[in-house]
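Q: Could you take me through this model and set each label against the criterion behind it? I would like the reasoning spelled out.

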Number of protein chains: 2
Amino acid sequence: MGTSKKEVFSNSQNRLADIGKAFAHPARIAILEFLAKQNACVCGDIVEELPLSQATVSQHLAELKRIGLIKGEIEGPKVCYCINKKAWQEAKQILAQFLNDAKSCC
Amino acid sequence: MGTSKKEVFSNSQNRLADIGKAFAHPARIAILEFLAKQNACVCGDIVEELPLSQATVSQHLAELKRIGLIKGEIEGPKVCYCINKKAWQEAKQILAQFLNDAKSCC
DNA sequence: AACTTCTATCGTATTATTACGATAGAAGAA
DNA sequence: TTCTTCTATCGTAATAATACGATAGAAGTT
């Protein structure tokens, strides 16, 4: 009790839920928006964009990396982040399919 | 500390995060999938579809109602649920815009 | 080597979420 | 009225998520 019973749901349901979780916090939305509008990797200045501490931003970045939507590459003393295009397309496809399956009702 | 600092983010960022939260649990995905594939309102049999208790399912339904993605109408002793088409379209539009704004990178 | 810069992680406190049994209330059936 | 059915809510327990200061480690600079 208290634990999410994800083992009783299908892989695709859990994958979609994970994508949803990536979007389920305004800070992660802000991070993704910032990365998405760039045309290149962003090195470092993400923390300055957000009204959150460096530790908190790092946690959100780690969660987005776990889900796969962003990539981080070490570049000297900094780390460069960018959208993972492949996972982004996959998320777009999964969400579009899910959202388009709703039939009319009521 | 511990509280989500949603007040420092924009309304649209928080709205998108709320939509993400609706999708952020496999049980809610399962509920939405079940409702979405129907061509009519579903009265009652949602609990039997899910390996969760009636109380837990009711909580998930309440959360989906709060976010606006589903509607519930009292029909005799039962309650009929269905996708809220308007909010569903809104969610689709918001997500599509967000997902399509990613520029190429790396 | 010593210093600076950048980021991940640890430790920790607080709030949120998830889950379920039990109960209450609403509405039709007997 | 009494019974049954259905659903929301209460109470509660446990886990997850959020946030941040402090610290550690990696890498370049002086």
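Q: What makes B:K21 and B:R28 count as residues that B:E63 touches?
A: In this predicted model, B:E63 touches B:K21 and B:R28 once residues up to four places away in sequence are left out; the term contact requires heavy atoms within 4.5 Å. B:E63 itself lies in helix 4 of chain B.

Q: Why is the pairing of the side chains of B:E63 and B:R66 called a polar contact?
A: The side chains of B:E63 and B:R66 are joined at 3.0 Å, and a polar contact needs N or O atoms within 3.5 Å, so the pair meets the distance criterion.

Q: How do you know which residues surround DNA strand C, and which are closest?
A: A residue is taken as near if one of its heavy atoms lies within 4 Å. For DNA strand C there are 26 surrounding residues, the closest being A:G2, A:S58, A:Y81, B:K21 and B:H60. By class, that surface has 7 nonpolar, 14 polar and 5 charged residues.

Q: What part of DNA strand C do the atoms within 4 Å of the protein belong to?
A: Sugar or phosphate holds 70% of these atoms of DNA strand C, and the rest belong to bases. On the phosphate side, a side-chain N or O atom of B:R28 is 3.0 Å from a phosphate oxygen, while for B:S53 a backbone N or O atom lies 3.1 Å from a phosphate oxygen of the strand. On the base side, a polar side-chain atom of B:Q59 lies 3.0 Å from a base nitrogen of DNA strand C. Two or more residues of the surface near this strand come from each of helix 4 (54-67) and strand 3 (78-83) of chain A and helix 4 (54-67) of chain B.

Q: Which residues come nearest to DNA strand D?
A: Of the 26 residues around DNA strand D, those that come nearest are A:K21, B:G2, B:K5, B:S58 and B:Y81. Of the atoms of this strand that come within 4 Å of the protein, sugar and phosphate account for 67%.

Q: What makes the approaches of A:K21, A:T56 and A:H60 to phosphate oxygens of DNA strand D polar contacts?
A: A polar side-chain atom of A:K21 lies 2.7 Å from a phosphate oxygen of DNA strand D, one of A:H60 lies 2.8 Å from a phosphate oxygen, and a side-chain N or O atom of A:T56 is 3.2 Å from a phosphate oxygen. The cut-off for such a pair is 3.5 Å, so each of these distances falls within it. The elements giving two or more residues to the surface near DNA strand D are helix 4 of chain A, together with helix 4 and strand 3 (78-83) of chain B. The residues of that surface divide into 7 nonpolar, 14 polar and 5 charged.

Q: Why is helix 5 of chain A called roughly antiparallel to helix 5 of chain B?
A: The two helices, each covering residues 85-100, pack at about 165 degrees with their axes 11 Å apart. Angles over 145 degrees count as roughly antiparallel, and therefore helix 5 of chain A is roughly antiparallel to helix 5 of chain B. From chain A, the contact is made by A:W88, A:K92, A:L95, A:F98, A:L99 and A:N100, and from chain B by B:W88, B:K92, B:L95, B:F98, B:L99 and B:N100. These residues divide into 8 nonpolar, 2 polar and 2 charged.

Q: What makes helix 2 and helix 4 of chain A roughly perpendicular?
A: Helix 2 (residues 26-37) and helix 4 of chain A pack at about 75 degrees, with their axes 10 Å apart. The range for roughly perpendicular runs from 65 to 115 degrees, so the two helices of chain A are roughly perpendicular to each other. In this contact A:A27, A:R28, A:I31 and A:L32 of helix 2 meet A:V57, A:H60, A:L61, A:E63 and A:L64 of helix 4. The residues divide into 6 nonpolar, 1 polar and 2 charged.

Q: Why does the description roughly perpendicular apply to helix 1 and helix 5 of chain B?
A: The axes of helix 1 (residues 11-22) and helix 5 of chain B come within 11 Å and cross at roughly 110 degrees. With 65 to 115 degrees as the range, helix 1 of chain B is therefore roughly perpendicular to helix 5 of chain B. The contact is made by B:R15, B:L16 and B:I19 of helix 1 and B:E90, B:A91, B:I94, B:L95 and B:F98 of helix 5.

Terms used. Residues are numbered from 1 along each chain as its sequence is written. Chains are lettered from A and ligands numbered from 1 in the order in which they are written. This is a predicted model: local features need pLDDT of at least 70, side-chain atom pairs count only at pLDDT 80 or more; totals for chains, interfaces and linings use all residues. Side-chain values use heavy atoms; hydrogens and water are left out. Axes are lines fitted to C-alpha atoms, for helices over the stretch in contact, and angles run from 0 to 180 degrees between N-to-C directions. Helices (H or I, at least four residues) and strands (E, at least two) are DSSP runs, numbered from the N terminus. Angles under 35 degrees count as roughly parallel, over 145 as roughly antiparallel, 65 to 115 as roughly perpendicular and the rest as oblique. Ala, Val, Leu, Ile, Met, Phe, Trp, Tyr, Cys and Pro count as nonpolar, Asp, Glu, Lys and Arg as charged, and the others, Gly among them, as polar. A polar contact is a pair of N or O atoms within 3.5 Å; within protein, one must be able to donate a hydrogen and the other to accept it, and residues adjacent in sequence count only if both atoms are side-chain atoms.
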